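Visitor: I should like to take a close look at a single part of this structure. Please guide me through the packing of its helices and rings.

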Amino acid sequence: MLRLALVFLLIANVLIFLAGRDEKKVNTLPPSLANDKIVLIRNDVSNSRFATQEESMFDQSLCIEWGPHLEEQIINARSALLESGSRRFEENVKMIDISSWWVNIEGFATRREADTMVASLRSRGVTDISVVEIQQSFVLSLGIFSSEDGAKTRLNELLEIGIEQVQITPRGTSAVFFLINDLDREQIERLRQIAANYGQSQIRTIPCETSPEA
């Protein structure tokens with residue numbers, strides 16, 4: 001009987017030892033993460049380079065440009081722009097088809113002032129001068145050139161003898177572009193529909209250089 005009791009005691013010790021090893025294995029598992037250590041990763045592309053052009057139209061640093069409009073379209077386009085809801089815009093004239101370059105001096109209020117400048121230039125050896133009246137002011141024409149390089153050569157010649165008021169003006173087909181900065185999404189969509197009736201005119205965003213006033 002004593003021998004049998006010793007056998008049972010030995011088996012019990014073995015079972016207790018094995019149970020202790022299993023408990024150590026369980027304790028070696030990593031602890032669970034605390035709530036304040038959990039970080040959620042979110043994919044946010046609202047300000048990414050994939051933002052649409054329509055979203056960029058509402059950037060405060062950008063304005064909307066609509067054009068070109070030739071002379072015969074300007075009055076109707078202006079009225080359509082007012083119908084779209086805009087009350088703050090300006091009109092910029094740009095050259096869209098250059099055919100020549102004009103070397104000139106502008107800013108003379110009277111013909112007498114222009115003639116006095118002509119006499120001064122001729123005394124300094126400048127020839128090929130004529131006086132042109134444009135919108136109740138006078139401009140000295142110093143040559144019209146078919147290439148920009150030719151106009152720049154003439155300009156440099158005049159600058160070398162101290163004539164600083166001279167400038168180059170491109171000549172050809174000009175058009176009006178409207179610069180707008182007060183439209184909401186609904187008004188922009190309405191303007192897009194209107195623009196479809198104006199030939200090659202387009203609506204695009206550009207940096208705002210000024211604050212357009214009606």
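Visitor: Which residue lies over the face of Trp-102, and at what distance from the ring centre?

Guide: In this predicted model, Arg-171 lies over the face of Trp-102, at 5.4 Å from the ring centre. A second charge is placed in a similar setting: Lys-94 lies over the face of Phe-177, at 4.9 Å from the ring centre.

The aromatic residues also meet one another, and the structure holds three aromatic pairs. One of them joins Trp-66 and Tyr-198 in an edge-to-face arrangement, 5.4 Å centre to centre and with 80° between the planes. Because Trp-66 belongs to strand β1 and Tyr-198 to the loop between α6 and β6, this pair ties together parts that are 132 residues apart in sequence. Both Trp-66 and Tyr-198 are buried. Phe-89 and Phe-178 form another edge-to-face pair, with 5.8 Å from centre to centre and 80° between the planes. Phe-89 lies in strand β2 (residues 89-108) and Phe-178 in strand β5, so the parts tied together here are 89 residues apart in sequence. Phe-89 is buried, with a relative accessible area of 11%, and Phe-178 is buried with a value of 0%. Trp-66, Phe-89, Phe-178 and Tyr-198 form one aromatic cluster.

Two helices pack against strands that carry these rings. Helix α6 (residues 185-195) has as its buried residues Gln-187, Ile-188, Leu-191, Ile-194 and Ala-195. They cover an arc of only 115° around the axis, which puts them on the same side of α6. The face turned away from that buried side carries the exposed residues Glu-186 and Gln-193. The partners of the buried residues of α6 are β1 (62-69), α3 (74-83), β5 (167-180) and β6 (202-207).

Helix α3 can be read in the same manner. Its buried residues are Ile-74, Ala-77, Ala-80 and Leu-81. These cover an arc of only 125° around the axis, and they therefore lie on the same side of α3. On the other side of α3, Ile-75 and Glu-83 are exposed. The buried residues of α3 are covered by elements including β1, β2, β5 and α6. Just after α3, Gly-85 takes a positive phi of about 115°.

Strands β1 and β5 thus recur in this picture: each is packed against by the buried residues of α6, and each is among the elements that cover the buried residues of α3. Trp-66 of the aromatic cluster lies in β1, and Phe-178 of that cluster lies in β5.

Note on methods. Residues are numbered from 1 along each chain as its sequence is written. This is a predicted model: local features need pLDDT of at least 70, side-chain atom pairs count only at pLDDT 80 or more; totals for chains, interfaces and linings use all residues. Side-chain values use heavy atoms; hydrogens and water are left out. Buried means under 20% relative accessible area, exposed over 50%, partly exposed in between (1.4 Å probe, protein chains only). Helices (H or I, at least four residues) and strands (E, at least two) are DSSP runs, numbered from the N terminus. The arc is that of the directions from the helix axis to the C-beta atoms. Contact means heavy atoms within 4.5 Å. Rings of Phe, Tyr and Trp (its six-membered ring) pair if their centres lie within 6.5 Å; planes under 30 degrees apart count as stacked, over 60 as edge-to-face and the rest as tilted. A charge sits over a ring if NZ of Lys or CZ of Arg is within 6 Å of the ring centre and within 35 degrees of the ring normal.
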